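I sat down with this model to look up its empty spaces, its cysteines and a few residues that caught my eye. Here are my notes, in the order I took them.

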Amino acid sequence: EDFAAGSIVAEGSAATSAQRDFTVKVRAEGLNPFTYYWYRFRTVSGYQSVTGRTLTAPRDGDDPGNIRFAFVSCSHYGPHFNVYSALAQDDLHFCAHLGDTVYEHTLGYRAKSLTDWRSVHKLYLTNPDLREVRRLLPWIYTWDDHEVYNNFNGGASEEEVNAGDRDCQAAAYQAFWEYMPLDVDIEPTTTEEGIPLLAIHRRIKYGRHLDLFALDGRQYKDGVICGRD
């Protein structure tokens, strides 16, 4: 935890730019399973980040004993994220966020542009309790609708497309990819039809007792079932 001499098991360098809002994602290789590690970043200008902590997953056939995890959802921004403060006190192996990680109207108007969406994510991260649980725990993220707009679905109507919602969708995907702790292999793309795509559905095996399926109930959905409101 104190990065004493001889304790560092992996290090390297990575480049970033304004094209990804100066965010960074790296994958550390060669780590032991079901082991706590601490990490930090330094810039060439001399800035040093806070120290983060993570816990690697157990191998497929291993028995980790009790598995302790939490899940949260629908994190509408407010003056207090009390549940995050509580989670920081719990002895957890990981936390799963089930969606609505941010809301499109957080700024007082509907976020549409890439600048808007980046500002939403940055505003959320001004909350110290959210920053602390992001620092302490590994996270498994998926999304619901408000990461793009209310009742978002991948089969958006022609009216929505003409109103510029595909541009909003692409901007929202880009900011989500930049600011959420997703695997480095997950990147935003575009289909042959020009539709934004961010393939976040995945399976995470956690030892011999737990299989996690991070589903995407929005991007591949055909229409709104229960109406706009």
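The entries below go from ground rules to cavity, pocket, helix, cysteines and single residues.

**Ground rules.** I am working with a predicted model, in which local features need pLDDT of at least 70 and side-chain atom pairs count only at pLDDT 80 or more, while totals for chains, interfaces and linings use all residues. Residues are numbered from 1 along each chain as its sequence is written, and side-chain values use heavy atoms, with hydrogens and water left out.

**Cavity.** I ran a 1 Å grid over the protein atoms alone: a cavity is a set of points where a 1.4 Å probe fits but cannot get out, a pocket is an open set with protein on both sides within 12 Å along at least five of seven lines, and lining residues have an atom within 4 Å of a point. Points are joined across faces, edges and corners, and a volume is the space filled by probe spheres set on them. I found one cavity of 30 Å³ or more, and its space comes to about 100 Å³. Its lining has 14 residues, with T101, Y124, L130, R134 and M180 nearest the centre. The elements giving two or more residues to this lining are α2 (114–124) and α3 (128–136); I take helices (H or I, at least four residues) and strands (E, at least two) as DSSP runs numbered from the N terminus. I sorted the lining into nine nonpolar, four polar and one charged residue, with Ala, Val, Leu, Ile, Met, Phe, Trp, Tyr, Cys and Pro as nonpolar, Asp, Glu, Lys and Arg as charged, and the others, Gly among them, as polar.

**Pocket.** Next I opened the second largest pocket, which holds about 160 Å³. Its lining includes F94, H97, I140, Y141, L212 and F213. I noted that β4 (94–97), β5 (139–141) and β9 (210–214) each supply at least two lining residues. The split here is nine nonpolar, two polar and no charged.

**Helix α3.** Which residues of α3 are buried? I get L130, V133, R134 and L136, where buried means under 20% relative accessible area, exposed over 50% and partly exposed in between (1.4 Å probe, protein chains only). Their cover includes β1 (36–39), β2 (52–55), α1 (82–87) and α5 (165–179). At the start of α3, a side-chain oxygen of N127 comes within 3.0 Å of the backbone nitrogen of D129.

**Cysteines.** I counted zero disulfides, taking a pair of cysteine sulfur atoms within 2.5 Å as the test. For C74 the nearest cysteine sulfur is that of C95, 13 Å away. C168 is unpaired because its sulfur is 18 Å from the closest cysteine sulfur, in C74, too far for a bond. C168 is buried at 2% relative accessible area, whereas C74 is partly exposed at 45%.

**Positive phi.** C74 sits in the loop between β3 (69–72) and α1, and I read a positive phi near 50° there. F22 is not a glycine either, yet has a positive phi of about 60°. F22 lies in the segment before β1 and is exposed, at 58%.

**E178.** Last, I checked E178 in helix α5, which is buried at 3%. Its C-alpha is 6.0 Å from that of T23, 155 residues away in sequence. Beyond neighbours within four places in sequence, I list contacts (heavy atoms within 4.5 Å) from E178 to Q19, R20, D21, T23, K25 and R118.

Terms used. A polar contact is a pair of N or O atoms within 3.5 Å; within protein, one must be able to donate a hydrogen and the other to accept it, and residues adjacent in sequence count only if both atoms are side-chain atoms.
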